[in-house]
Amino acid sequence: MVFVVEEQIDEVLRQEDKAEAMSGHIDQFLIATFMQLRLIYNTHMADEKLEKDEIIKLYSCIIGNMISLFQIESLAREASTGVLKDLMHGLITLMLDSRIEDLEEGQQVIRSVNLLVVKVLEKSDQTNILSALLVLLQDSLLATASSPKFSELVMKCLWRMVRLLPDTINSINLDRILLDIHIFMKVFPKEKLKQCKSEFPIRTLKTLLHTLCKLKGPKILDHLTMIDNKNESELEAHLCRMMKHSMDQTGSKSDKETEKGASRIDEKSSKAKVNDFLAEIFKKIGSKENTKEGLAELYEYKKKYSDADIEPFLKNSSQFFQNYVERGLRMIEMEREGKGHIPTSTGISPQMEVTCVPTPTSTVSSIGNTNGEEVGPSVYLERLKILRQRCGLDNTKQDDRPPLTSLLSKPAVPTIVSSTDMLHSKLSQLRESREQHQHSDLDSNQTHSSGTMTTSSSSTANIDDLKKRLERIKSSRK
């Protein structure tokens, strides 16, 4: 009966138009399949009454059906992580069964199982199969009764997956894989792995991480989103060390092996990826729409890699652009650390209670309007200069200033101006202004009064003269 069912399934899988009928039922089919494998291994092989030829035939039918299934990629990708883990456990157990080797057709069965394992690794959903192997390796290392050869075969499967990564990295859910590695490193810290009889496990883990870092570059640190507490394992610290080591290397040095038998990391390729990443950031900074996003990414990058060399990306740009980037980073630092507003050309704001680094120019009050404040006209003048620079027009020569990289690594601390001193200065200015105004008003009043008296005296003299003339006229008429 079993052979009839297996033959019917095989007939369906060999016809493309009928194979799609299996869609949605792959997990159920695989569960039934590896349960049969387990039954044969535990029961049939120990039954001396059962003909061994029948066992070989049953193995051949089951393995043949699964090979047909995993040749159809659309169906193979439906297999879930848990099912793939149990399937790989059954297949590796079968490969290590010495009783098979003693059978006449046993070697052919082993070769078929090897072919099936390759198909499972290549055609399954790459995230699911890689996750399944990591969990299977963890379980095998924890199980005291597990054969060392079993763990070794699991690691060989992982190494094959590593070789596939350059072609499959874009289809993998890296966040989930890093979560699996985090859990593995939490259960097996570096010191515990070193206690293993073989160095193969720690070499395998390092090779996998180095390959992922090589392919993703600094962006790999952005894929730790599924890990709740990163401090529970050494994963993040290990990735940071690898990225720092990668950036410290020069193109003239030859690549070094991470461990014996591990894949070599192409140093120049890694450096090129870092350069591409920084070039993309500066491209955003130079664009009108993505300036803020680019500055934020550069700030985060400098924070993670304080010794990163960004001078090559700045030396060919104008001094004005370098100053613009410098002020933008300082603005972000103020906002992130709660230091208040960037100081303006008039001095340090009285509301600020901490030391701030002043901007190198005396006209810029702010870079953006991120806090709802009014943007000064000098900002638009700066933007105009940037546009002139992009169009190839010369800007006025800027004052000499220290390199941006030195300012970023260790900003100079200016003299602190106390709010009390500023208040006294302001009061003095107001007092002087008021006194000058009062003197001006007094002089004006005195001038006005003098003019009025002169005019009044002149008018009185004219009236007396007219009276005298009238008296003379009257006298002459009499």
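This is a short tutorial dialogue on reading the features of a predicted model.

User: Hello! Where do I start: how many helices and strands does the chain have?

Analyst: Welcome! The secondary structure of this chain comes to 20 helices and zero strands. Keep in mind that the model is predicted.

User: What share of the residues counts as buried?

Analyst: Of the chain's 478 residues, 38% count as buried. Contacts give another view. Taking those between residues at least 6 apart in sequence, 71% join residues at least 24 apart.

User: How should I read a nonpolar core, and which residues touch the most other members here?

Analyst: The general idea is that nonpolar side chains tend to be buried together in soluble globular proteins. In this structure the largest nonpolar core has 99 residues, and Leu30, Met88 and Ile181 touch the most other members. Take Leu30 as a case: beyond four places in sequence, Leu30 touches Met66, Leu69, Phe70, Ala79, Val83 and Leu87.

User: Leu133 caught my eye. Where is it found, and is it buried or exposed?

Analyst: Leu133 is found in helix H9. Its relative accessible area is 0%, so Leu133 counts as buried. Setting aside neighbours within four places in sequence, Leu133 is in contact with Met88, Leu121, Val154, Cys157, Leu158 and Met161. You will recognise Met88 from the core. As for Met161, it lies 28 residues from Leu133 along the chain, and their C-alpha atoms are separated by 9.5 Å.

User: What about Leu75: which helix holds it, and is it buried or exposed?

Analyst: Leu75 is found in helix H5, which covers residues 73-76. Leu75 is also buried, with a relative accessible area of 0%. Here too you can compare chain and space: Leu75 and Lys123 are 48 residues apart along the chain, with 9.1 Å between their C-alpha atoms.

User: How do I check the span of a helix, and what does H11 show?

Analyst: A helix should span 1.5 Å a residue, which for the 14 residues of H11 (residues 174-187) gives 20 Å. The end C-alpha atoms of H11 are 20 Å apart, in agreement with that. Burial adds to the picture: 10 of the 14 residues of H11 are buried, so the rest of the structure largely encloses this helix. Among the buried residues of H11 are Leu174, Asp175, Ile181, His182 and Phe184.

User: And how far does H13 reach?

Analyst: Helix H13 (residues 200-216) has 17 residues and reaches 24 Å from its first C-alpha to its last, close to the 24 Å expected. With 13 of its 17 residues buried, H13 is largely enclosed by the rest of the structure. After H13 comes Gly217, whose phi is positive, near 70°.

User: How can I find empty space, and how many cavities of 30 Å³ or more are there?

Analyst: Rolling a probe the size of a water molecule over the atoms shows where empty space is left. This structure holds one cavity of 30 Å³ or more. The largest cavity has about 40 Å³ of space.

User: Which residues line the largest cavity?

Analyst: Its lining consists of Leu134, Leu137, Leu158, Phe184, Pro201, Thr204, Leu205 and Leu208. Helices H9 and H13 each supply at least two of the lining residues. The largest share, four residues, comes from H13. Phe184 is one of the buried residues of H11, while Leu158 is in contact with Leu133.

User: How many disulfides does a search find?

Analyst: A disulfide is a covalent bond between the sulfur atoms of two cysteines. Here, a search of the whole structure finds zero disulfides. Still, two cysteines make a handy comparison: Cys157 is buried at 8% relative accessible area, whereas Cys196 is partly exposed at 24%.

User: One last stop, please: where is Lys190, and what does it touch?

Analyst: Lys190 has its place in helix H12, residues 190-194. Its relative accessibility is 33%, so Lys190 counts as partly exposed. Not counting residues up to four places away in sequence, Lys190 touches Ile202 and Glu234. Along the chain, Glu234 is 44 residues from Lys190, and the C-alpha atoms of the two are separated by 8.1 Å.

Technical notes: Residues are numbered from 1 along each chain as its sequence is written. This is a predicted model: local features need pLDDT of at least 70, side-chain atom pairs count only at pLDDT 80 or more; totals for chains, interfaces and linings use all residues. Side-chain values use heavy atoms; hydrogens and water are left out. A nonpolar core is a set of buried Ala, Val, Leu, Ile, Met, Phe, Trp, Tyr and Cys residues joined through side-chain atoms within 4.5 Å. Buried means under 20% relative accessible area, exposed over 50%, partly exposed in between (1.4 Å probe, protein chains only). Contact means heavy atoms within 4.5 Å. The expected span of a helix is 1.5 Å times one less than its number of residues. A disulfide is a pair of cysteine sulfur atoms within 2.5 Å. On a 1 Å grid over the protein atoms alone, a cavity is a set of points where a 1.4 Å probe fits but cannot get out, and a pocket is an open set with protein on both sides within 12 Å along at least five of seven lines; lining residues have an atom within 4 Å of a point. Grid points are joined across faces, edges and corners, and a volume is the space filled by probe spheres set on the points.
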